[in-house]
Amino acid sequence: MEINSELEARCDAIIAQYPKKKSAAMMVMHLIQEKFGYFDDDAIKYVAGKLGVQPIEIYGMLSFYPMYSSEPRGRVHIKVCRTLSCAMAGSVKLGHEISKIINCPIGQTRGIYTLEFVECLGNCAKALN
């Protein structure tokens, strides 16, 4: 991935807002995700270098948070929650039905679609409605 001067300036501006560089990690990662759609090794190393941390720390965040991806995703990214309250409301069945309709296996990208189960999307109260 090639980081242009505009993106570098945006990253620097964000980092400057925090007393510790590492505190800007999520915001800088959002910029990279928004620009490229995913993180390759170069992007991980770039963010780590900007923040003064080891690449494994960025990879840890990349692999933990579902809003970041280490692989390209389809233009239409469908996330289906599978935590308990949503699963009890039928989310697992819903995910499989969506998979059939769009012809995209869960956990994969096919054409314009990426379909995946994720943990908690933060709207549990609505799951049982």
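**Exercise 1. Start at Glu119: work out how exposed this residue is, find its salt-bridge partner, and say which parts of the chain the pair links.**

Solution. Glu119 has a relative accessible area of 43%, which puts this residue in the partly exposed class. Keep in mind that we're looking at a predicted model.

Step 1: find the partner. Glu119 forms a salt bridge with Arg82, and the closest N and O atoms sit 2.7 Å apart. The cut-off for a salt bridge is 4 Å, so the pair qualifies.

Step 2: place both ends. Arg82 is in the loop between β1 (76-81) and α5 (84-88), while Glu119 is in the loop between β3 (113-118) and α7 (124-127). That makes a link between distant parts of the chain, 37 residues apart.

Step 3: check the other side chain. Arg82 is partly exposed too, with a relative accessible area of 43%.

**Exercise 2. How many salt bridges does the structure hold, and which parts do Arg10 and Glu34 tie together?**

Solution. Step 1: the total is seven salt bridges.

Step 2: take Arg10 and Glu34, whose closest N and O atoms are 3.9 Å apart. Arg10 belongs to helix α1 (residues 5-16) and Glu34 to helix α2 (residues 25-36), so their salt bridge ties together parts 24 residues apart in sequence.

Step 3: compare accessibility class by class. Arg10 comes out partly exposed at 39%, whereas Glu34 is exposed at 62%.

Step 4: move on to Lys22, which forms a salt bridge with Glu57 at 2.8 Å between the closest N and O atoms. Here the loop between α1 and α2 is linked to helix α4 (residues 55-64), and the two residues are 35 apart. Glu57 is partly exposed, at 31% relative accessibility.

Step 5: don't skip the network. Glu8, Asp12 and Lys50 are linked through salt bridges.

**Exercise 3. Work out the strand order of the sheet and say which strands stand at the edges.**

Solution. Step 1: read off the order. Three strands make an open sheet, β1-β3-β2, with mixed pairing.

Step 2: find the edges. β1 and β2 (108-110) each have a single partner strand, so one side of each has no neighbour in the sheet. On average, neighbouring strands are turned by 20 degrees against each other, direction ignored.

Step 3: look at one pairing up close. β1 and β3 run in the parallel sense over six bridges, and His77 stands opposite Thr114 in β3.

Step 4: add the helix. α6 (residues 91-102) lies across β1 and β3, and runs at about 170 degrees to β3.

**Exercise 4. Which helix supplies the largest share of the largest nonpolar core, and which residues does Val47 touch?**

Solution. A bit of background first: in soluble globular proteins, nonpolar side chains tend to be buried together.

Step 1: size up the core. The largest one has 22 residues, and Val28, Met29, Ile32, Phe39, Val47, Leu51 and Ile58 have the most contacts inside it.

Step 2: sort by helix. α1, α2, α3 (41-51) and α4 each chip in at least two residues. The largest share, six residues, comes from α3.

Step 3: zoom in on Val47. Leaving aside residues up to four places away in sequence, Val47 touches Val28, Met29, Ile32, Phe39 and Ile58.

Step 4: check for another core. There's a second, separate one of seven residues, with Val80, Ile98, Cys104 and Leu115 among them.

Conventions. Residues are numbered from 1 along each chain as its sequence is written. This is a predicted model: local features need pLDDT of at least 70, side-chain atom pairs count only at pLDDT 80 or more; totals for chains, interfaces and linings use all residues. Side-chain values use heavy atoms; hydrogens and water are left out. A salt bridge is a side-chain nitrogen of Lys or Arg within 4 Å of a carboxyl oxygen of Asp or Glu. Helices (H or I, at least four residues) and strands (E, at least two) are DSSP runs, numbered from the N terminus. Buried means under 20% relative accessible area, exposed over 50%, partly exposed in between (1.4 Å probe, protein chains only). Two strands pair if DSSP finds at least two bridges between them. Axes are lines fitted to C-alpha atoms, for helices over the stretch in contact, and angles run from 0 to 180 degrees between N-to-C directions. Contact means heavy atoms within 4.5 Å. A nonpolar core is a set of buried Ala, Val, Leu, Ile, Met, Phe, Trp, Tyr and Cys residues joined through side-chain atoms within 4.5 Å.
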